[in-house]
Amino acid sequence: MSSVPVIGHIGYSGLVGKSILTNLLEHHKAGKVRLVVLYREGSDLSQIPDDVEKRLVQLDDSGAEQNKKAVEGLEVLLSTVGAAGLKAQTYLIDALEGSKALKTFVHSDFGTNWSAKELEAPGLAVIKVKEHVVEHAEKKGVPITNIRVGAFDVYVFKFQAGGTDIKGNKQQIFRNSLKNPLRITSIPYLGYATAQLLLKPQQLVNQTIQLYDFSPTGQDFVDALTKINGSQAVITHYSEEQYQADLKAGPGQAIGAAIKAKWGDDNWGPDGVPDIEGWKSKSFEELAKEWAAQV
Ligand SMILES: NC(=O)c1ccc[n+]([C@@H]2O[C@H](COP(=O)([O-])OP(=O)(O)OC[C@H]3O[C@@H](n4cnc5c(N)ncnc54)[C@H](OP(=O)(O)O)[C@@H]3O)[C@@H](O)[C@H]2O)c1
């Protein structure tokens, strides 16, 4: 066994993947991990340095032998695949079954703590796939790690998941969201924190980790918008009728609706974010200001 953790990463080119990869490459360069990138036929490898080992996977019924070779010796397999690749992670689990080196498979969760009841909403079917992946890992005896987050900063400020319109100086309120916190995970924090946690894989085995770096109330949003725009932000209301309709719509609207309900009901599930050494946090107002300049 290597003296530093051997970490495989698939899905390194996505939103979450890129951010973690940047930090893992630094750890690789510093000799703190040995990074192995897993790629598919046609994946973009142009950003992967020459000294990082690259192994091909084939995530279908005929890839078993190839995938076994690809996961050989990995102590951690980190998957940050997007929605299109979630189900295909079962092929990675099949390859990891029986591995003596593996400590944990960090699957592509990076979602909030959804309850079984919340996942009944038709628009949340895409998220339910993750449960299937976890069940498959349990069946195959593959240890797993769930990384749970809040709504991503980009999702909140650009795609208005919580009903925030920075430029229009408006904040939507649902139920008690004016006084309850919205969990937000900024992508740079997620990348830094996840990469740091991967340095100690033993601590991740069969664990669920919570990672979020902001928890502003609806009032904090109203105050930040008011400061940024120099005039009183307007509060609008998200109705129960709209909520029910959005839950039945496509994933974008349905997940936004479910996030608003979590916020309104303060129903985020377990907390307890681990200490992340060296992370320099900023104030919520600074975060909102940065996004105001981008949207
Ligand atoms: N909490 C939140 O607010 C929030 C928001 C968005 C996403 N998420 C979650 O974060 C995770 C990552 O999402 P993301 O937005 O970063 O994803 P993304 O940007 O769509 O990631 C795309 C990545 O997935 C890989 N991929 C695509 N199709 C694949 C397939 N069929 N098989 C294997 N790999 C495939 C791609 O690899 P190639 O380079 O090989 O194409 C690429 O690296 C997901 O679990 C998602 O649900 C959470």
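Okay, let's start with one residue: Asp266 has 14 C-beta neighbours inside 10 Å, so Asp266 counts as partly exposed. What caught my eye there is the backbone, because Asp266 has a positive phi of about 50° although it is not a glycine. You'll find Asp266 in the loop between α9, residues 251–265, and α10. Before you get too attached to that angle, remember that this is a predicted model.

There's another residue of that kind, Phe110. Its phi is near 45°, again positive in a residue other than glycine. Phe110 sits in the loop between β5, which is 104–106, and α4, which is 125–140. Buried or exposed, then, for Phe110? Buried: Phe110 has 22 other C-beta atoms within 10 Å, whereas Asp266 is partly exposed.

Okay, let's zoom out to the whole chain. We've got 10 helices and 12 strands. Along the principal axes, the C-alpha atoms fill a box of roughly 60 × 40 × 35 Å. For 295 residues, a compact globule would have a radius of gyration near 19 Å, and the chain has 20 Å, so the two agree. Buried residues come to 42% of those 295. And if you take contacts between residues at least 6 apart in sequence, 78% of them join residues at least 24 apart.

Now, domains. The assignment gives domain 1 as 6–150 plus 184–211, and domain 2 as 152–182 plus 214–268 plus 277–292. Their C-alpha centres are 28 Å apart. Where they meet, 17 residues of domain 1 are in contact with 20 residues of domain 2. On the domain 1 side, β10 (184–185) and α6 (187–197) each supply at least two of the touching residues. Which element gives the most to that side? That's α6, with five residues. By class, the domain 1 side has nine nonpolar residues, seven polar and one charged.

Next up, the ligand. There are 25 residues around it, and the ones that come nearest are Gly14, Leu15, Ser43, Gly82 and Gly85. Two elements give two or more residues to that shell: α1, residues 15–29, and β7, residues 151–152. The largest share, three residues, comes from α1. If you're thinking about chemistry, the shell divides into 13 nonpolar, 10 polar and two charged residues.

Last stop is a helix in domain 2, α7. This one runs over residues 218–229, so let's look at its length first. 12 residues take α7 16 Å from its first C-alpha to its last, close to the 16 Å expected at 1.5 Å a residue. Which residues of α7 are buried? Gly218, Asp220, Phe221, Val222, Ala224 and Leu225 are. A helix has 3.6 residues a turn, so residues three or four places apart point the same way. As for partners, the buried residues of α7 pack against β8 (164–165), β9 (170–173), β12 (234–237) and α10 (284–292). Just past the end of α7, Gly230 takes a positive phi of about 70°.

That's my tour, thanks. Happy to go back to any of these on the screen.

Notes: Residues numbered from 1 in each chain as written. Predicted model: local features only at pLDDT ≥ 70, side-chain atom pairs only at ≥ 80, totals over all residues. Domains from an automatic or database assignment. Contact = placed C-beta atoms within 7 Å. Helix = DSSP H or I, 4+ residues; strand = E, 2+ residues; numbered from the N terminus. Nonpolar A, V, L, I, M, F, W, Y, C, P; charged D, E, K, R; others polar. Rg over C-alpha atoms; globule rule 2.2 N^0.38 Å. Buried ≥ 20, exposed ≤ 12 C-beta atoms within 10 Å, placed from the backbone. Expected span 1.5 Å × (residues − 1). Near = placed C-beta within 6 Å.
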